[in-house]
Structure formats: structure tokens, C-alpha cells
Amino acid sequence: MKNRKVKVGIVGLGRLGYRHAENMAFRVPHCELLAVCSVVEEEVKEAQEKWGIPYGYTDYDKMLENRELEAIFIASPSRFHCEQIEKALEAGFHVFSEKPLGLYLEEVEKVEKAVSRHSDKVFMLGFMRRYDPSYAEVKRRIDSGEIGEPVLIRCYGLDPAGKLDSFLRFARDNYSGGLFLDMAIHDLDLARWYLQAEAEEVWAIGGSYAYREFAELGDAETGAAMVRFAGNRIGIFVAGRNCVHGYHIETEIIGTKGTLRIGTVPERNHVMLFNEKGAIKKCFEGFLERFEQAYLKEAEEFITCILENRKPSVSVRDGVESTRLGYACKESFETGRLVRIKS
Ligand code: NAI
């Protein structure tokens, strides 16, 4: 057990998959990255040569035939998650999947059944914010009663304007679920986690203000959703893709006896420049920088769960419920109506 290593194959070597792969190759204890897979052959070759990975695939099904592997790590585009999760489970592997669990209710409900059928396998979903030190500390402090009963959560999830061009190029060919299912999904999960309540109704609005292209894609550049959770608890979610100062992830939880906040100013370090423009701090540029530790910790937890034969706290149910809420936000945004959520 002390020297045992879990042999992992990863699918998807893009913006996030590359980082996950690098973490598993070098930084996650008791983990051996044995195989990499992507439809882009150059990505596979580069990873193999750079990190000395023995197996490379451009066909996911072929990777699943490799019986040396024990676990599959999915970081492909969201529309493939459910199908790839189910195939990996059926082939006898432990599975980690990036968020969101899926893009449609039917597919997430189907994949939940597949996870139940394979209850001897570890399944984990990439809601990495739960493993970020600040978000984890806030959870502990809420649970210890420090702010009394949590009654309201306010979340900002804003992507940097600097990455907008590359996002628009990507979005034209890859349906990601839209602003609420793709971006706000982390906040929707955190709200359920912190409030310990499910959503009952939602009203969402949004638009395209600086970039008309989002409207052409049927999506919003900036949007907001107001959600009533069970017990009349309140959720306010702001999501956007045109944040000019950088990557801004901010969360506030108001309780009956106090308030906790995370990331009010998304400062990347302790440096401040004083000049004729004033006192200036640089902000985070993107998710890889802000959640560097969280991506590492979630992968460590996945591997540890396999070694200790236990289940992670992020379950497939969290994936189903967050997708249900994200989908209701999308429906409300598209129809302009208040949407009641059936559980
Ligand atoms: P990306 O487009 O940069 O990379 C996708 C990768 O998957 C590429 O290597 C591509 O060649 C490969 N691929 C595409 N179709 C494939 C197929 N059928 N079989 C095998 N490989 C295939 O995407 P990105 O930004 O890395 O996102 C990947 C996933 O991670 C998405 O589901 C996204 O929602 C999620 N994500 C999660 C974040 C988080 O904070 N937890 C942040 C960014 C992305």
C-alpha cells in the first residue's frame, strides 16, 4: 500500500486537461500517469515525449482496452462527459470527470444510474472549488456555526475579457451549455453545499453588451440569476465573460450572525504599485492561476479515495442537481419566465 501507485489514463489535453495531466505525471502522490488521449495527435505526442508517458491514443475506446490502467480522468469537452464516464465505468475503471457532469437532464440522470450500478468504483466530479483552501475553510466555519444560519449566498463568476476572442472561436464549434451551465455551475454547486438546500425556483436574465456575438450564439455575455432555495434561502448569481480587470471569482455568504466573504478583490499576490494612477494591484488572469492548488488537491483526493476504498464528498448527485439548476437558469434566461424546479 505504501508504495502502491494508481495507474491513470487521461482523455483531453486542452487548456485544463494539460494541467491535470502534468499534475498527475509529477505532483500527485501515489499516481502514475500511464496513458494520454486526445483527438489531436500532436497533443498526444507532445505529452508522451515531454513527460515520458508510455501509452498514447487518439481513440478513447482504444485507451479503455488497456488493462494496465485502473482509473480514467476525463477532461474532454463537456458534451462527451456522460458517454465517456459510462464507457469507462462499464469497462471497469474508477472515473474522475471534469464539470459539468453533462449538458442535458436525460444524460445526467442516465449516467447517475451507471454510477450506481458500479458502486464498487470511485466516481468523482471536478467541482474543484470545494478543495480550494479558502472555500474549504468557509465550509468548515459555516458548519461550526460561526455565522449562524446561512440565509443568502451571492456569487460572482467572471471570466477575463482578455480570453474572450479565444473563447468565441471555441464556442462557435463547441456547445458548452451556455453561460449558466458552463460558468455559473461552480457557484450553483457551492450554493447547494453551503446552504445545504436544493433550489426551488429561479429567474435569470442576461444579454450581450460589449460583444454581440454571444446573442448570435443564443448565449449571454453577462447574466444574473436569482434563486429561491428550500427554506426561503436566497441565491444571487452573477456570471460574465467580459471582466476587464481579470478573472474575478467572489463569494459571500450572509448568515443570521455574520458574513463570510471569499475573493472580494481578486488580487494575484501581495504586490502593489504606487504611481500617478494611484495604488494598483494585479488581478488573477485565469482559472489555472486562481485554482492551482484546488486542481492538485482534487486529483489527490481522487487517488486517495481509490487507495483507501472510500467515496469522495462530491458525488454524482451533486452533478445531477447542479445541472438541473443550471438548466433551469438557462430556461428562465431563454423564456424570460420564472422557472420552478422539479426534484
Ligand atoms: P479544450 O477544448 O481546451 O480541450 C479539450 C481537449 O479534449 C483537447 O485536447 C481535445 O483535443 C480533446 N478532445 C476533444 N474531443 C475529444 C474526444 N471525442 N475524445 C478525446 N479527446 C477529445 O477544453 P478545456 O477548456 O480544457 O475544457 C475541458 C473540460 O474541462 C470542459 O468540460 C470544461 O467545462 C472543463 N473545465 C473546467 C474548469 C474548472 O474550473 N473545473 C475550467 C475549464 C474547463
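**Exercise 1. Pairing around strand S8**

Task: Find the bridge partner of Glu 201 in S15, and then establish in which sense S8 and S15 pair.

Solution: The partner of Glu 201 in S15 is Arg 340. The strands S8 and S15 are joined by two bridges and run in the antiparallel sense, where two strands count as paired if DSSP finds at least two bridges between them. This is a predicted model, in which local features need pLDDT of at least 70 and side-chain atom pairs count only at pLDDT 80 or more, whereas totals for chains, interfaces and linings use all residues. Residues are numbered from 1 along each chain as its sequence is written, and side-chain values use heavy atoms, with hydrogens and water left out. Helices (H or I, at least four residues) and strands (E, at least two) are DSSP runs numbered from the N terminus.

Next, turn to strand S9 (residues 222–229), which is antiparallel to strand S8 (residues 199–207) and is connected to S8 by eight bridges. Within this pairing Ala 199 stands opposite Phe 229, while Ile 205 has Ala 224 as its bridge partner. H13 packs on the sheet here, touching S8, S9 and S15, and its direction makes about 50 degrees with that of S8; contact means heavy atoms within 4.5 Å, and angles run from 0 to 180 degrees between the N-to-C directions of axes fitted to C-alpha atoms, for helices over the stretch in contact.

**Exercise 2. The seven-stranded sheet**

Task: Work out the order of the seven strands in the open sheet with mixed pairing, and state which strands stand at its edges.

Solution: Reading across the open sheet, the order is S12-S11-S7-S10-S9-S8-S15, and the pairing is mixed. Strand S12 (259–262) and strand S15 (339–340) are the edge strands, and each has a single partner strand, so one side of each is left without a neighbour in the sheet. Helix H9 lies across strand S7 (150–160), S9, strand S10 (233–243), strand S11 (248–255) and S12, and runs at about 160 degrees to S7.

**Exercise 3. Two helix pairs**

Task: Describe how H9 and H13 cross, and then how H1 and H2 pack.

Solution: Begin with helix H9 (residues 185–195) and helix H13 (residues 316–335), whose axes come within 9 Å and cross at roughly 120 degrees. That angle makes H9 oblique to H13, because angles under 35 degrees count as roughly parallel, over 145 as roughly antiparallel, 65 to 115 as roughly perpendicular and the rest as oblique. The crossing of H9 and H13 is right-handed: a crossing has this hand if the near helix is turned clockwise from the far one by less than a right angle, and is left-handed if anticlockwise. From H9, the residues Ile 185, Leu 188, Asp 189 and Arg 192 take part, and they meet Arg 317, Asp 318, Glu 321, Ser 322, Thr 323, Leu 325, Gly 326 and Cys 329 of H13. The residues of this contact between H9 and H13 comprise four nonpolar, three polar and five charged, where Ala, Val, Leu, Ile, Met, Phe, Trp, Tyr, Cys and Pro count as nonpolar, Asp, Glu, Lys and Arg as charged, and the others, Gly among them, as polar.

Continue with helix H1 (residues 17–26) and helix H2 (residues 41–51), which have axes 12 Å apart and pack at an angle of about 25 degrees. That makes H1 roughly parallel to H2, and their crossing is right-handed. Here Tyr 18, Ala 21, Glu 22 and Phe 26 of H1 meet Glu 46, Lys 50 and Trp 51 of H2; the residues of this contact between H1 and H2 are four nonpolar, no polar and three charged.

**Exercise 4. The six-stranded sheet and its loops**

Task: Give the order of the six strands in the open sheet with parallel pairing, and then locate Pro 100 and His 30.

Solution: The strand order is S3-S2-S1-S4-S5-S6, and the pairing is parallel. Strand S3 (55–57) and strand S6 (123–125) form the edges with a single partner strand each, so one side of each is left without a neighbour in the sheet. On average, neighbouring strands of this sheet are turned by 20 degrees against each other, direction ignored. Strand S5 (residues 94–97) pairs with S6 over three bridges, and Ser 97 has Leu 125 as its bridge partner in S6.

Pro 100 is in the loop between S5 and helix H5 (105–117), and the peptide bond leading from Lys 99 to Pro 100 is cis, with omega near -15 degrees. His 30 lies in the loop between H1 and S2 and, although not a glycine, has a positive phi of about 60 degrees.
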